[in-house]
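Reader: I have a structure to look at and some terms I do not follow. Please show it, and I will ask what each term rests on.
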Amino acid sequence: MKTKLIIFIYTSLLVMASCTSNKKEIPLEEANPNVDNGSIQLSKTQFKSSNMVLGQLQVQPFQQSVKAMGMIDVPPENKASISSYFSGTIKSIKLLPGEYVKRNQTLFTLENPQYVQIQQEYLEAKGQLSYLKSDYERQKALAQEKVSSQKSFLKAESDYLVTLATFESIAKKLTLMNIDPTSLSLDNIHTSIAITSPIDGYITKVNVTKGAYLNPSEVAATIVNTTHLHLELNVFEKELQKIKIGQPILFKIQDEDNSIYQAEVHLINKAVDPEKRTIAIHGHLSEEAEKIGFAPGMYIEAQIFTTSTSKPALPSEAIVETDGRHVVLMLHEKTDTGYTFLQKEVRPGMTDKNQTEILNAQDFKDDTQFLIKGAFNLIMD
């Protein structure tokens, strides 16, 4: 009987010991964030072989920014839509998109029988003008001496002034036709006119072909001068108060991940787009960005940096998100043989240039050290 009792007691102790050894630790997510959640110990050899690094909270500058979308563009004076004041059939054209042309260079020629008629009218008015001017001056002198009637003088004056007006107006037409009226004579009447480029630039589109009939309302070609590329951005109206002239802009070409370019805010529109509820921002490229081969019409993604503030921060890789919480490893003890770390919860704020603001920095001493490289594997394991 006594033996059975001893066996029973021994068995009970084994069961209790077994229950005690199988007891689970409190999960990290159920622990109090302000209470230590156990420790992680590393030897110096482990620390060194894993290239781990210790660091402290550092005051870092954080720049707040406004996101913007837009495109590369040029000023209106650097764009030209080529048409003609006078209709006509295209006699010759040798233009290709991408071709560079200079100001006043002939782009194509037009021909129309009406061109000859206009020049004829000019030469007729020019021939009559000499006689009418002479008669007007003679009648004026006679009227002053009361030799001729006032009626004759007024008739001569009217004929002269009407013809003079006709002559001057036709001369303006000829100028618009790129025909020099001062050199026009019966020997050099033109049957065609040349359409020239109003700016230096690159041909971007050609809409006509040889033999086509061009009306004054039709655009034959377009030209863009790329010497003054700029950004045309749009931001939502709620962001307007944050944006000031001179603020830096970082932008990239849409769908391009690697290259970042610089610009700055040059002009801010004062009107809101009634449909999109956005404000137009005009940005100037930096000298380095101007050297890049951008083309008007490229879509871009940009950030306008509005304010800068300094906050205590840790490198972003020191902070590990687990189960909805953000945790760091704080150095608890350093000995000759290794390190002991404690998991501590932090509240992250702004992130900029791989640095993350720590909103609860006051919970740590100024000389507190953290594992700023290698924390992820330790916490997640």
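Reader: Which residue in strand 10 stands opposite Gly88?
Author: In this predicted model, Gly88 stands opposite Leu214.

Reader: What makes strand 5 and strand 10 a pair?
Author: Pairing requires at least two bridges between two strands. Strand 5, residues 88-93, is joined to strand 10 by two bridges, so the two count as paired. They run antiparallel.

Reader: Why are strand 8 and strand 10 called edge strands?
Author: The open sheet has four strands in the order 8-7-5-10, with antiparallel pairing. Strand 8 and strand 10 (213-214) each pair on one side only.

Reader: Why is Gln139 called buried?
Author: Buried means under 20% relative accessible area. Gln139 has 10% relative accessibility, so Gln139 counts as buried. Gln139 is in helix 3, residues 113-144. Leaving out residues up to four places away in sequence, Gln139 touches Ser148, Ser152, Phe153 and Ala156.

Reader: Which element gives the most to the largest nonpolar core?
Author: That is helix 3, with nine residues. The core has 36 residues, and Met177 is one of those that touch the most other members. Other elements giving two or more residues include helix 4 (150-176) and strand 7 (106-111).

Reader: How do you know that Met177 is in contact with Phe86?
Author: Contact means heavy atoms within 4.5 Å, and Met177 meets this with Phe86, so the two are in contact. Beyond its neighbours within four places in sequence, Met177 also contacts Tyr115, Ile118, Ile193 and Ala194.

How values were computed
Residues numbered from 1 in each chain as written. Predicted model: local features only at pLDDT ≥ 70, side-chain atom pairs only at ≥ 80, totals over all residues. Heavy atoms only, no water. Buried < 20%, exposed > 50% of the residue type's maximum accessible area, 1.4 Å probe, protein only. Core = buried A, V, L, I, M, F, W, Y, C linked by side-chain atoms within 4.5 Å.
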